[in-house]
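Reader: I would like the labels in this entry justified one by one. Where should we begin?

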Amino acid sequence: MAIVAHPDDADFGAAATVAAWTAAGTVAHLVCCTSGDAGSDDPRTDPLELARLREREQRAAAAIAGWSEVTFLHRPDGALINDLALREALVRAIRALPAGSSLLVGDNCADAIVRTNGLILRLVVPLRNGS
(Lines give C-alpha, C1' and ligand atoms only; values in the text may rest on other atoms or scores of the structure.)
Protein backbone atom coordinates (compact mmCIF):
# COMPACT_ATOMS: atom_id res chain seq x y z
CA MET A 1 0.00 0.00 0.00
CA ALA A 2 1.18 3.44 -0.85
CA ILE A 3 -0.46 6.49 0.67
CA VAL A 4 0.24 9.73 -1.15
CA ALA A 5 -0.94 13.32 -0.94
CA HIS A 6 -1.72 13.91 -4.64
CA PRO A 7 -2.97 11.68 -7.45
CA ASP A 8 0.34 11.73 -9.36
CA ASP A 9 2.71 11.45 -6.39
CA ALA A 10 3.12 7.67 -6.67
CA ASP A 11 4.00 8.02 -10.34
CA PHE A 12 7.13 10.06 -9.62
CA GLY A 13 9.73 7.56 -8.53
CA ALA A 14 7.63 4.62 -7.31
CA ALA A 15 5.68 3.58 -10.43
CA ALA A 16 8.47 1.44 -11.90
CA THR A 17 9.02 -0.31 -8.58
CA VAL A 18 5.31 -0.96 -8.18
CA ALA A 19 5.11 -2.26 -11.75
CA ALA A 20 7.93 -4.72 -11.04
CA TRP A 21 6.31 -5.83 -7.77
CA THR A 22 2.87 -6.30 -9.33
CA ALA A 23 4.36 -8.15 -12.31
CA ALA A 24 5.85 -10.55 -9.75
CA GLY A 25 2.46 -11.09 -8.12
CA THR A 26 2.28 -8.41 -5.42
CA VAL A 27 -1.15 -6.93 -4.80
CA ALA A 28 -0.74 -3.16 -4.56
CA HIS A 29 -3.19 -0.60 -3.22
CA LEU A 30 -2.88 3.15 -3.71
CA VAL A 31 -4.53 5.73 -1.45
CA CYS A 32 -4.56 9.38 -2.56
CA CYS A 33 -5.43 11.82 0.20
CA THR A 34 -6.52 14.53 -2.25
CA SER A 35 -7.98 14.42 -5.74
CA GLY A 36 -5.70 17.11 -7.19
CA ASP A 37 -8.43 19.76 -7.27
CA ALA A 38 -5.91 22.62 -6.88
CA GLY A 39 -3.52 21.46 -9.59
CA SER A 40 -4.12 24.18 -12.17
CA ASP A 41 -2.68 27.64 -12.76
CA ASP A 42 -5.82 28.67 -14.66
CA PRO A 43 -8.17 30.54 -12.28
CA ARG A 44 -11.15 29.64 -14.52
CA THR A 45 -10.69 25.92 -13.86
CA ASP A 46 -13.56 24.30 -11.97
CA PRO A 47 -11.95 22.44 -9.03
CA LEU A 48 -14.57 19.66 -9.10
CA GLU A 49 -14.06 19.08 -12.82
CA LEU A 50 -10.29 19.12 -12.31
CA ALA A 51 -10.60 16.58 -9.49
CA ARG A 52 -12.64 14.27 -11.74
CA LEU A 53 -10.01 14.61 -14.47
CA ARG A 54 -7.10 13.94 -12.07
CA GLU A 55 -8.89 10.87 -10.68
CA ARG A 56 -9.44 9.49 -14.20
CA GLU A 57 -5.79 10.16 -15.08
CA GLN A 58 -4.60 8.46 -11.87
CA ARG A 59 -6.78 5.40 -12.43
CA ALA A 60 -5.39 5.10 -15.98
CA ALA A 61 -1.80 5.44 -14.75
CA ALA A 62 -2.51 2.98 -11.92
CA ALA A 63 -3.75 0.40 -14.40
CA ILE A 64 -0.49 0.67 -16.33
CA ALA A 65 1.65 0.33 -13.18
CA GLY A 66 -0.46 -2.57 -11.92
CA TRP A 67 -2.13 -1.07 -8.85
CA SER A 68 -5.00 -3.36 -7.82
CA GLU A 69 -7.06 -0.58 -6.32
CA VAL A 70 -7.00 3.21 -6.08
CA THR A 71 -8.83 4.98 -3.26
CA PHE A 72 -9.34 8.73 -3.07
CA LEU A 73 -10.01 10.30 0.33
CA HIS A 74 -11.17 13.57 -1.31
CA ARG A 75 -9.42 15.90 1.12
CA PRO A 76 -8.93 19.43 -0.23
CA ASP A 77 -5.75 19.80 -2.26
CA GLY A 78 -3.50 22.51 -0.89
CA ALA A 79 -5.10 22.24 2.53
CA LEU A 80 -4.12 18.79 3.74
CA ILE A 81 -3.90 19.07 7.50
CA ASN A 82 -3.12 16.68 10.27
CA ASP A 83 -6.60 16.44 11.76
CA LEU A 84 -8.53 13.63 13.39
CA ALA A 85 -10.77 13.07 10.35
CA LEU A 86 -7.81 12.46 8.03
CA ARG A 87 -6.02 10.23 10.53
CA GLU A 88 -9.20 8.19 11.00
CA ALA A 89 -9.65 7.81 7.22
CA LEU A 90 -6.05 6.66 6.85
CA VAL A 91 -6.29 4.20 9.72
CA ARG A 92 -9.49 2.75 8.17
CA ALA A 93 -7.74 2.39 4.79
CA ILE A 94 -4.70 0.72 6.36
CA ARG A 95 -6.73 -1.64 8.55
CA ALA A 96 -8.95 -2.68 5.64
CA LEU A 97 -6.04 -4.56 4.08
CA PRO A 98 -4.19 -7.64 5.23
CA ALA A 99 -0.97 -6.96 7.10
CA GLY A 100 1.87 -6.16 4.74
CA SER A 101 4.33 -3.54 3.68
CA SER A 102 3.72 0.18 3.50
CA LEU A 103 5.46 2.50 1.10
CA LEU A 104 5.86 6.16 2.05
CA VAL A 105 6.20 8.32 -1.04
CA GLY A 106 7.75 11.78 -0.88
CA ASP A 107 7.68 12.45 2.85
CA ASN A 108 10.89 14.46 2.52
CA CYS A 109 9.74 16.40 -0.54
CA ALA A 110 9.92 20.19 -0.86
CA ASP A 111 6.12 20.30 -1.34
CA ALA A 112 4.56 21.19 2.02
CA ILE A 113 1.44 19.10 1.41
CA VAL A 114 3.50 16.02 0.55
CA ARG A 115 5.61 16.55 3.69
CA THR A 116 2.45 16.88 5.79
CA ASN A 117 1.19 13.61 4.32
CA GLY A 118 4.47 11.90 5.27
CA LEU A 119 4.32 13.22 8.81
CA ILE A 120 0.71 12.09 9.23
CA LEU A 121 1.63 8.61 7.98
CA ARG A 122 4.39 8.35 10.55
CA LEU A 123 1.63 8.79 13.15
CA VAL A 124 -1.00 6.46 11.70
CA VAL A 125 1.00 3.52 10.30
CA PRO A 126 1.82 2.23 13.82
CA LEU A 127 -1.95 2.16 14.44
CA ARG A 128 -2.25 -0.65 11.86
CA ASN A 129 -2.13 -3.22 14.61
CA GLY A 130 -4.00 -1.15 17.17
CA SER A 131 -0.88 0.03 18.99
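Author: The model is predicted, and the turns below test its labels against their criteria.

Reader: Why is His6 called buried?

Author: The relative accessible area of His6 is 10%. Buried means under 20%, so His6 meets the criterion.

Reader: What makes the link between the side chains of His6 and Asp77 a polar contact?

Author: The two side chains are joined at 3.1 Å. The limit for a pair of N or O atoms is within 3.5 Å, so the distance qualifies. His6 itself sits in the loop between β1 and α1.

Reader: How do you know that β1 and β2 pair?

Author: Strand β1 (residues 2-4) is joined to β2 by 3 bridges. Pairing needs at least two, so β1 and β2 count as paired. They run parallel, and Ile3 has Val31 as its bridge partner in β2. Between these strands the chain passes through helix α1 (residues 15-23), in a right-handed β-α-β crossover.

Reader: What makes β2 and β3 a pair?

Author: There are 5 bridges between β2 and strand β3 (residues 69-75). With at least two required, the pair is therefore accepted. The sense is parallel, and the partner of Cys32 in β3 is Phe72. The route from β2 to β3 goes through helix α2 (residues 47-65), and this β-α-β crossover is right-handed.

Reader: Why is strand β2 described as largely enclosed?

Author: Strand β2 covers residues 29-34, and 6 of the 6 residues are buried. The strand is therefore largely enclosed by the rest of the structure.

Definitions and conventions
Residues are numbered from 1 along each chain as its sequence is written. This is a predicted model: local features need pLDDT of at least 70, side-chain atom pairs count only at pLDDT 80 or more; totals for chains, interfaces and linings use all residues. Side-chain values use heavy atoms; hydrogens and water are left out. Buried means under 20% relative accessible area, exposed over 50%, partly exposed in between (1.4 Å probe, protein chains only). Helices (H or I, at least four residues) and strands (E, at least two) are DSSP runs, numbered from the N terminus. A crossover is right-handed if, with the strands pointing away from the viewer, the path from the first strand over the helix to the second runs clockwise. A polar contact is a pair of N or O atoms within 3.5 Å; within protein, one must be able to donate a hydrogen and the other to accept it, and residues adjacent in sequence count only if both atoms are side-chain atoms.
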